Amino acid sequence: MSVNKDIKRVTTHVLQEMKSRGEKITMLTAYDFSMARILDEAGVDILLVGDSASNVMAGHETTLPITLDQMIYHGASVVRAVRRALIVVDLPFGSYQGNSRTALDSTIRIMKEAGAHAIKLEGGAEVQESIKRILSAGVPVMGHLGLTPQSIYKFGTYTVRAKEEAEAEKLLEDAELLQELGCFALVLEKIPAKLAKKVAEKLWIPVIGIGAGGGVDGQVLVTHDMLGITKDFQPRFLRRYLDLFDAIKGAVNQYIEDVRSRDFPNKKEQY
Ligand code: KIV
């Protein structure tokens with residue numbers, strides 16, 4: 001496996017160069033110190049402290065309940081573990097949509113208290129004032145279009161977005177706007193591969209896809225999904241690299257059996 005060891009720290013500039021060279025960018029979610037250390041040592045370029053923590057860490061049905069304080073807690077845990085990857089923290093629902101001053105205040109807390117390198121937020125034209133204000137404070141912003149889980153109650157389902165021409169056109173316009181405003185990268189979630197490729201070819205900033213096909217500049221997955229820790233979530237775009245749910249369950253079953261049978265601890269495992 002080839003991780004570029006010459007790169008000390010992944011920056012937004014490094015990601016831009018990767019796109020120019022046609023090198024694919026890798027991104028995974030991280031919410032805690034131990035997992036972030038493993039992912040960083042493996043050589044992932046971007047670690048996203050996603051608001052999907054609301055689902056996979058806290059067990060909520062949607063990403064809406066997670067708070068700014070909770071995102072800061074997860075962000076700070078990841079920052080303490082990471083030496084190489086760029087760390088992007090999601091602005092949670094309610095922390096940036098109201099007005100640009102609120103958006104900036106939330107961002108400043110994430111940058112100061114978690115030590116993040118950049119923030120991500122969902123939406124296009126409707127959040128442009130917030131994006132401008134955050135960028136004017138010198139904080140890199142990653143956009144997120146397509147399926148935007150914070151708007152789930154507006155859309156009603158988690159199905160593929162921008163299949164109709166009008167929605168695809170709006171997405172293309174929003175993507176160009178985000179680039180014009182100064183976003184350093186863009187996530188496209190669950191849209192047709194053809195449209196995602198078109199966006200990636202049109203933009204000079206990196207476009208990272210999840211369920212958006214192979215024609216984009218990089219890929220992101222929720223780590224708990226790709227490692228098979230979550231079991232029920234099985235969209236077509238997800239490739240599972242491990243079945244950790246069953247592996248962990250098997251190990252715990254063995255531990256229970258060993259304790260009950262008095263096999264654990266043995267003579268060497270005590271003082
Ligand atoms: O919160 C998250 O995990 C995300 C990814 C799905 C891109 O936003």
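**Reading burial, contacts and a ligand site**

Tutor: Let us begin with Leu68, which, apart from its neighbours within four places in sequence, is in contact with Pro92, Ser106, Arg109 and Ile110. Please bear in mind that the model is predicted.

Student: To which helix does Leu68 belong?

Tutor: Leu68 lies in helix α4, which covers residues 68-81.

Student: Is Leu68 to be read as buried or exposed?

Tutor: The general idea is a cut-off: a residue is buried when its relative accessible area is under 20%. Leu68 has 15% relative accessibility and therefore counts as buried.

Student: Sequence separation and spatial separation are read side by side. How far apart are Leu68 and Leu91 in sequence and in space?

Tutor: Leu68 and Leu91 are 23 residues apart in sequence, while their C-alpha atoms are 7.3 Å apart.

Student: Let us apply this reading to another helix. Where is Ser130, and which residues does it contact?

Tutor: Ser130 is placed in helix α6, residues 128-136. Leaving out neighbours within four places in sequence, the contacts of Ser130 are Tyr96, Asn99, Ser100 and Ala103. Its relative accessible area is 5%, so Ser130 is buried. Thr102 is 28 residues away from Ser130 along the chain, with 8.3 Å between the two C-alpha atoms.

Student: Which atom of Tyr96 lies 3.0 Å from a polar side-chain atom of Ser130?

Tutor: That atom is the backbone oxygen of Tyr96.

Student: How should Gln179 be read, as buried or exposed?

Tutor: Gln179 is buried, because its relative accessibility is 14% and the cut-off for burial is under 20%. Gln179 is found in helix α8, residues 165-181. Beyond its neighbours within four places in sequence, Gln179 is in contact with Leu203, Trp204 and Ile205.

Student: I now turn to the ligand. Which residues are around it?

Tutor: The residues around the ligand are Thr29, Leu48, Gly50, Asp51, Ser52, Asp90, Lys120, His144, Glu189, Ile210 and Val222.

Student: How far are polar side-chain atoms of Asp51, Ser52 and Asp90 from an oxygen atom of the ligand?

Tutor: For Asp51, a side-chain N or O atom is 3.0 Å from a ligand oxygen. For Ser52, a polar side-chain atom lies 2.5 Å from an oxygen atom of the ligand. For Asp90, the corresponding distance is 3.2 Å.

Student: How much of the ligand does the protein bury?

Tutor: Taken alone, the ligand exposes 260 Å², and the protein buries 95% of that area.

Student: Which pocket does the ligand take up?

Tutor: The ligand takes up the space of the second largest pocket.

Terms used:
Residues numbered from 1 in each chain as written. Predicted model: local features only at pLDDT ≥ 70, side-chain atom pairs only at ≥ 80, totals over all residues. Heavy atoms only, no water. Helix = DSSP H or I, 4+ residues; strand = E, 2+ residues; numbered from the N terminus. Buried < 20%, exposed > 50% of the residue type's maximum accessible area, 1.4 Å probe, protein only. Contact = heavy atoms within 4.5 Å. Near = heavy atom within 4 Å. Polar contact = N/O pair within 3.5 Å; in protein donor to acceptor, adjacent residues only side chain to side chain. Areas by Shrake-Rupley, 256 points an atom, 1.4 Å probe, with all protein chains shown as cover. 1 Å grid on protein atoms, 1.4 Å probe; cavity = no way out; pocket = protein on both sides within 12 Å on 5 of 7 lines; lining within 4 Å. Sits in = over half its atoms within 2 Å of the grid points.
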